[in-house]
Each structure stands twice: as structure tokens, then as C-alpha cells.
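This briefing goes through selected features of one structure, grouped by topic. Please keep the sequence and the 3D view open while reading.

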Amino acid sequence: MTPLDSIYAQDSLTLGQKMILKPIQTWQHFSYGQPGLNCQFQKSCSNYMVDAILEKGALQGAIMGTDRLVRCNTAARHYHLQLPNSSIQYDGRLVDPLDWAREPKPGKSLLLATTLSIVPGLGRAYAGHPVDGLFSFLLVAGFAYNTYTHNQAENSIRTGINASFMTLFWLADFYGAYRTAKMVPPKNTHP
């Protein structure tokens with residue numbers, strides 16, 4: 001039994017929500033039995049995405065959840081501990097709520113970070129998370145390459161699937177660059 005099983009069984013979910021949540025539920029059934037797939041975040045990435053979809057709507061929730069997938073990498077702990085209000089749960093997992101408090105005066109330009117994401121990963125790197133930027137670039141570029149390859153082979157179904165994932169990861173990159181920039185505190189200047 002996974003956390004999504006009880007949510008998925010509710011009658012209040014729309015057909016669209018059930019369609020979006022079904023692959024996540026399938027993933028949870030697989031991953032919850034694999035100790036090597038334990039998430040480093042207090043709400044696992046799949047549960048984070050579920051909450052984001054249910055709270056923010058399908059598109060915004062999917063973008064937020066995809067951003068979390070990109071951030072769940074080897075540098076996550078290092079980046080998390082740099083945040084002013086970072087928190088770690090008793091078992092060592094990183095506490096990452098859907099809505100972080102924004103820095104009153106972010107240390108990076110929100111507009112520039114977001115605009116730089118035209119080149120996937122560049123906005124995240126500018127905002128101080130180059131590893132997230134690299135992962136984002138590789139994912140967007142990989143799905144773009146697969147989209148091109150399947151389009152050349154005239155496989156419209158695979159082209160559409162890869163184009164959808166490329167777009168989702170690219171949108172998540174814009175969101176991630178903005179999110180990162182708004183949470184970066186200004187650097188302390190010591191005389």
C-alpha cells in the first residue's frame with residue numbers, strides 16, 4: 001500500500017486527475033519495494049508531485065513536481081542547507097514544502113534567471129545551482145534529441161511523447177530557475 005492508493009480511491013478525484021496520478025501510483029508500487037530508491041526528501045518526489053497536482057492543478061503541479069525531480073540529485077543536500085529556512089527531518093531527509101518563503105531581497109534577479117532558461121539549465125546555474133542546471137539541460141536536450149529522431153523516423157506517437165516530456169522539463173526549468181533565484185539570499189558583504 002502506498003500513500004497514493006488511499007487518495008486514488010477517493011470519489012472526489014476527476015477523471016483527468018486519475019489519469020495524471022495513475023503513472024505516479026504505478027511508480028510508487030514499484031519504488032516503495034526498492035530500498036535503493038528511497039528519496040532524500042521528506043515528502044518523496046512522487047508524493048510531492050501528487051500534492052502539487054492536487055493543490056495547484058494539473059499543469060502547475062506537474063511543472064512543480066518535475067522541477068523537484070530535477071532537484072533530486074547529488075547536490076540536493078548541499079543546495080538545501082544553503083537556504084535560510086532549511087530544515088532536515090529526524091531521519092535525515094530534506095524538508096521541502098510546496099511553498100517556500102521568498103527572500104525579501106533575493107540575491108539574484110528573478111527576471112534574469114527566468115529569461116536565461118531559454119537555454120535549459122542556464123537560469124538555474126546563474127541562480128547558484130549549476131548541478132541542477134546540468135541535469136535540466138541534459139534532460140531537455142535528451143528529450144529534444146529523441147523528439148527529433150522519432151520525427152525523422154516518422155513515428156508520431158513517440159515524437160509526441162518525447163516532445164511532451166521535453167516541454168514539461170523545459171517549463172520546469174523556467175519555474176526552477178525562478179524558484180531558486182527567489183530563495184537565494186543576498187551575499188553577506190563584510191568590511
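Contact here means that heavy atoms lie within 4.5 Å of each other. With that meaning, and leaving aside neighbours within four places in sequence, H80 is in contact with S86, S87, L94, V95 and W100. The model is a predicted one, and the points below take up its histidines, its aromatic rings, one helix pair and two loop positions.

**Two histidines**

- H80, whose contacts were listed above, is found in helix α5, which spans residues 76–82, and at 4% relative accessibility H80 counts as buried.
- H129 lies in the loop between α7 (122–126) and α8, and with a relative accessible area of 9% H129 is buried, since the cut-off for that class is under 20%.
- Not counting residues up to four places away in sequence, H129 touches Y79, R124 and T180.

**Aromatic rings and charges**

- Rings of Phe, Tyr and Trp, the last taken by its six-membered ring, pair if their centres lie within 6.5 Å, and by this rule the count comes to four aromatic pairs.
- One of these pairs is formed by W27 and F30, with 5.7 Å from centre to centre and 50° between the planes; the pair counts as tilted because planes under 30 degrees apart would be stacked and those over 60 would be edge-to-face.
- W27 and F30 are three residues apart in helix α2 (residues 15–31), so about one helical turn separates them.
- W27 is partly exposed, with a relative accessible area of 41%, and F30 is likewise partly exposed, with a relative accessible area of 45%.
- Ring pairs also link F143, F165 and F169 into a cluster.
- Turning to charges over rings, R68 lies over the face of F41, at 4.0 Å from the ring centre, while the charged end of K108 sits over the ring of Y126, 5.0 Å from its centre.

**Helices α8 and α9**

- Helix α8 (residues 130–152) and helix α9 (residues 156–183) pack at an angle of about 160°, and their axes are 8 Å apart.
- Because angles over 145 degrees count as roughly antiparallel, α8 and α9 are placed in that class relative to each other.
- The crossing in which α8 passes α9 is left-handed.
- On the α8 side, the residues that meet α9 are S136, L139, V140, F143, A144, N146, T147, H150 and N151.
- On the α9 side, the residues that meet α8 are R158, T159, N162, A163, F165, M166, F169, W170 and D173.
- F143 of α8, together with F165 and F169 of α9, appears among these meeting residues, and these are the three residues that ring pairs link into a cluster.

**Two loop positions**

- E154 is placed in the loop between α8 and α9, and at 72% relative accessibility E154 counts as exposed.
- Most residues other than glycine have a negative phi. E154, although it is not a glycine, has a positive phi of about 60°.
- A75 is found in the loop between α4 (58–71) and α5, and at 10% relative accessibility A75 counts as buried.
- From C-alpha to C-alpha, A75 and N146 are 27 Å apart in space, and they are 71 residues apart in sequence.
- N146 is also one of the α8 residues that meet α9.

Methods: Residues are numbered from 1 along each chain as its sequence is written. This is a predicted model: local features need pLDDT of at least 70, side-chain atom pairs count only at pLDDT 80 or more; totals for chains, interfaces and linings use all residues. Side-chain values use heavy atoms; hydrogens and water are left out. Helices (H or I, at least four residues) and strands (E, at least two) are DSSP runs, numbered from the N terminus. Buried means under 20% relative accessible area, exposed over 50%, partly exposed in between (1.4 Å probe, protein chains only). A charge sits over a ring if NZ of Lys or CZ of Arg is within 6 Å of the ring centre and within 35 degrees of the ring normal. Axes are lines fitted to C-alpha atoms, for helices over the stretch in contact, and angles run from 0 to 180 degrees between N-to-C directions. Angles under 35 degrees count as roughly parallel, over 145 as roughly antiparallel, 65 to 115 as roughly perpendicular and the rest as oblique. A crossing is left-handed if the near helix is turned anticlockwise from the far one by less than a right angle, and right-handed if clockwise.
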